[in-house]
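The report below describes one protein chain, moving from a single element to one residue and then to the chain as a whole.

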Amino acid sequence: MIFFLIVPATMIFSAAAVLKISNRFGLKIHWGALALTAVLSLLVDLLAIKLSPVPDKWYFIRLFALIFVAAAAVTAFNKFLTEIETRHE
């Protein structure tokens, strides 16, 4: 049960830190992309628990695939938001 308290708190802190650091370096990361990251990471956490009770080689391959798909989705979404923002400027 404590998992459901620690994970969201860690995600909120991490998202705020990533946003602050990226702004310092001049990178454009939107809150929407960070929120999607939080949702997808929670989904990956829950799916990782359901994948296999014993971590073996296939567990880590599937976990890598989940993380890769989530990272690609967030990157594409952030690019989409950035393109929309540049069109309106």
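In this predicted model, helix α2 covers residues 31–51, and its 21 residues reach 30 Å from the first C-alpha to the last, which is close to the 30 Å expected at 1.5 Å a residue. Ala33, Leu34, Leu40, Val44 and Ala48 are buried in α2; seen down the helix axis, the buried residues of α2 fall within an arc of 125°, so they line one face of the helix. What covers these buried residues includes α1 (3–24) and α3 (57–87), whereas the face of α2 turned away from its buried side carries the exposed residues Trp31, Val39, Ile49 and Lys50.

Within helix α1 lies Ser22, which counts as buried because its relative accessibility is 3%, under the 20% cut-off. The side chain of Ser22 reaches the backbone oxygen of Leu19 at 3.0 Å, and, if residues up to four places away in sequence are not counted, Ser22 touches Leu27 and Ile29.

The protein chain has three helices and zero strands, and its elements run α-α-α from the N terminus on. The radius of gyration of the chain is well over the value that the globule rule gives for 89 residues, so the chain is more spread out than a compact globule.

| Property of the protein chain | Value |
|---|---|
| Radius of gyration | 15 Å |
| Globule rule for 89 residues | 12 Å |
| Box of the C-alpha atoms along the principal axes | roughly 50 × 25 × 20 Å |
| Exposed area | about 6900 Å² |

Carbon and sulfur atoms supply 76% of the area that the protein chain exposes, and 19% of its 89 residues count as buried. Among contacts between residues at least 6 apart in sequence, 60% join residues at least 24 apart.

Notes:
Residues are numbered from 1 along each chain as its sequence is written. This is a predicted model: local features need pLDDT of at least 70, side-chain atom pairs count only at pLDDT 80 or more; totals for chains, interfaces and linings use all residues. Side-chain values use heavy atoms; hydrogens and water are left out. Helices (H or I, at least four residues) and strands (E, at least two) are DSSP runs, numbered from the N terminus. The expected span of a helix is 1.5 Å times one less than its number of residues. Buried means under 20% relative accessible area, exposed over 50%, partly exposed in between (1.4 Å probe, protein chains only). The arc is that of the directions from the helix axis to the C-beta atoms. Contact means heavy atoms within 4.5 Å. A polar contact is a pair of N or O atoms within 3.5 Å; within protein, one must be able to donate a hydrogen and the other to accept it, and residues adjacent in sequence count only if both atoms are side-chain atoms. The radius of gyration is taken over C-alpha atoms; the globule rule is 2.2 Å times the number of residues to the power 0.38. Accessible areas come from the Shrake-Rupley method with a 1.4 Å probe; for residues, only the protein chains shown count as cover.
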